[in-house]
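I open this notebook to record what I looked up, entry by entry. The sequence and the structure come before the entries.

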Amino acid sequence: MKYAYFPGCSLEGTAKDFGESARAVCQALGIEIQDVPDWVCCGATPGHAYDEALGVALSVRTMLNAKRVSNSMMVLCAACYNRAKMSNHAMKTRPEIRAKVETAVGEPYAGDVEVVHLLEVLDRQYGLENLKKKIVRPLTGLKVACYYGCLLVRPPKIMQFDDPENPTIMERILATTGVELVEDWSHKVECCGAAFAMARTDVVVRCVNDILKSAEAAGADALVVACPLCQANCDMRQGEANQAFGEHHDLPVVYFTQLLGLALGLSPHQVGLQRPMISTGGLLEKLHVGA
Amino acid sequence: MVVKEIGTPEAARFRQDINRRIAGQVEKCYQCGKCSAGCPIANEMDLMPNQVIRLVQIGLKDKATHCRSIWLCAGCVTCTTRCPQEVEIASVMEAVRHVAIEEGVEPPPEVRHTATFTEVFLRSVRRHGRIFEPGMVMGFNLRSCQPMKDAEKGPKMFLKGKLNLLPHRVKDRGPVRRIFQRLVPKL
Ligand code: SF4
Ligand code: SF4
């Protein structure tokens, strides 16, 4: 089956490594994707923070375009995924929002495009057994903590993604690669400060510092994420956290698609492992993979 | 849940307006404080999330719309997820902020930048249909009077191939313009 693929702004900009590794993984596994024609920004947090109908309308515009490709839209960015699902829910349950949005986009929309994440596709459709058969470069010797943050799991009634306090879908998928997984750590679904990166950097630095400390204490060699905002905040603010709190963070923060791609035999370059601010050289050395 | 009105009609109107916006009932809150206990931003807030809920319950609109917390809420939805009474706290924080925006309430100085960021971000979307990150960051820095903020990060990100020097625009910008014109003409 073919998915309409909504990359979103981050995956074509500051999260280019997420975008390129996601496309490479889909290609390696034969998951067919085609870009949503002329997709627009989902508005992320500012969209709905400013006006509820605005946030919904921006996602709806993209979902209407997605229909030209498929009725299932695959989304990788946690924010775009959250907004698409929230918008479908609003269109189904809030008649006054739906009326405003339909006037603004100029078309009827019933909230009926199915929104799926690559993690869900791998877990529920592709199947972990099939995935295991494709692993050619086991990631043994590396220990990682899977960090989910907010947007994939909350609000659980609408996201219906995984357990909201202890999700394990990333662990299940990465377990096929032979990587060692941190079992218990406290900050798996804590907020990274998200959209305050610019406006209240101090808040983000405090949140990130706590997340990194928790992962390091659990013995992680890296943090694995599925959200461009989590990646940017945890990766780019380590220096500031070190300064503010007298810590010595130096923890690589990578996307699950980058590790999975590596295990599927792709080169570090093909999955963008040269792009994070905190060098991933140490990880590759542990895995005996030459850059 | 049946609610007995005891406050002024004005107070009741504010509470009902918020209930309508969140499609829920703030009256269900019994002030256990669990929402505030798990809030990652509670440190920086002037009113705890459960206190904002209380203000809405008793209809103190001015106090609620003038607090810092509604601009500091990160929308992480931890509170809503954990509330034993299924109160949509995150939606309440947002709904009170929407009332403040609609009525032109100036955000307090400590949180002015969060409102500025929201506006700069959305104007970038209105213009290009997508976010042009470097342009947005520069726009924010200028409007928030901190031109050199994160300046050292730009060249590093460029070398890592994480910055686009030109915006990636949507082909047809009409539909996005129309959405903004219809829904938020004042932005
Ligand atoms: S968790 Fe729910 S019931 Fe408890 S104080 Fe917060 S809103 Fe009220
Ligand atoms: S949604 Fe807002 S109020 Fe609720 S826990 Fe998160 S930051 Fe706090």
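**Surroundings of the ligands**

I began with ligand 2 and recorded that its shell holds 10 nonpolar residues, 1 polar residue and no charged residues. I note at the outset that the model is a predicted one. I then listed the residues around ligand 2: C39(B), P40(B), I41(B), P49(B), C73(B), A74(B), G75(B), C76(B), V77(B), C79(B) and A90(B).

I turned next to ligand 1, which has 13 residues around it. Of these, C29(B), C32(B), G33(B), C35(B) and C83(B) come nearest. By class, I entered 8 nonpolar, 4 polar and 1 charged residues for the shell of ligand 1.

**The nonpolar core**

In soluble globular proteins, nonpolar side chains tend to be buried together. I therefore looked up the largest nonpolar core, and it has 171 residues. Which of its residues touch the most other members? I found I31(A), L223(A), F256(A) and I18(B) in that position. Helix α3 of chain A, residues 52–66, gives the most to this core, with 9 residues.

I took I31(A) for a further check. Leaving out residues up to four places away in sequence, I31(A) touches Y3(A), C26(A), M74(A), L118(A), V121(A), L122(A) and Y126(A).

**Strand β7 of chain A**

L223(A) led me to strand β7 of chain A, which covers residues 222–225. In a regular strand the side chains alternate between the two faces of the sheet. Are the residues on the two faces of β7(A) buried or exposed? I recorded A222(A) and V224(A) on one side and L223(A) and V225(A) on the other, and all are buried. Both faces of the strand are thus covered.

I then looked up the pairing of β7(A). With strand β5 of chain A, residues 143–146, it pairs in the parallel sense over 3 bridges. L223(A) in β7(A) is the bridge partner of A145(A). The pairing of β7(A) with strand β8 of chain A, residues 253–255, is also parallel and has 3 bridges. Here V224(A) stands opposite V254(A) in β8(A).

**Aromatic pairs**

I counted 6 aromatic pairs over all chains. In one of them, F18(A) and Y255(A), the ring centres are 4.2 Å apart and the planes stand at 0°, so I entered the pair as stacked. F18(A) lies in helix α1 of chain A, residues 16–29, and Y255(A) in strand β8 of chain A, so the pair ties together parts that are 237 residues apart in sequence. Both F18(A) and Y255(A) are buried.

F18(A) also forms an aromatic pair with F256(A), which is edge-to-face, with 6.1 Å from centre to centre and 75° between the planes. F256(A) is in helix α13 of chain A, residues 256–263, and this pair links parts of the chain that are 238 residues apart. I checked the burial of both: F18(A) has 0% relative accessibility and therefore counts as buried, and F256(A), at 1%, counts as buried as well. Ring pairs link F18(A), Y255(A) and F256(A) into a cluster.

**T118 of chain B**

My last entry concerns T118(B), found in helix α8 of chain B, residues 112–128. Why does T118(B) count as buried? Its relative accessibility is 14%, and buried means under 20%. Neighbours within four places in sequence aside, T118(B) is in contact with P46(A) and Y50(A). Along the chain T118(B) and F140(B) are 22 residues apart, and I read a separation of 9.3 Å between their C-alpha atoms.

Notes: Residues numbered from 1 in each chain as written. Chains lettered and ligands numbered in written order. Predicted model: local features only at pLDDT ≥ 70, side-chain atom pairs only at ≥ 80, totals over all residues. Heavy atoms only, no water. Near = heavy atom within 4 Å. Nonpolar A, V, L, I, M, F, W, Y, C, P; charged D, E, K, R; others polar. Core = buried A, V, L, I, M, F, W, Y, C linked by side-chain atoms within 4.5 Å. Buried < 20%, exposed > 50% of the residue type's maximum accessible area, 1.4 Å probe, protein only. Helix = DSSP H or I, 4+ residues; strand = E, 2+ residues; numbered from the N terminus. Contact = heavy atoms within 4.5 Å. Pairing = 2+ DSSP bridges. Phe/Tyr/Trp six-rings, centres within 6.5 Å; stacked < 30°, edge-to-face > 60°.
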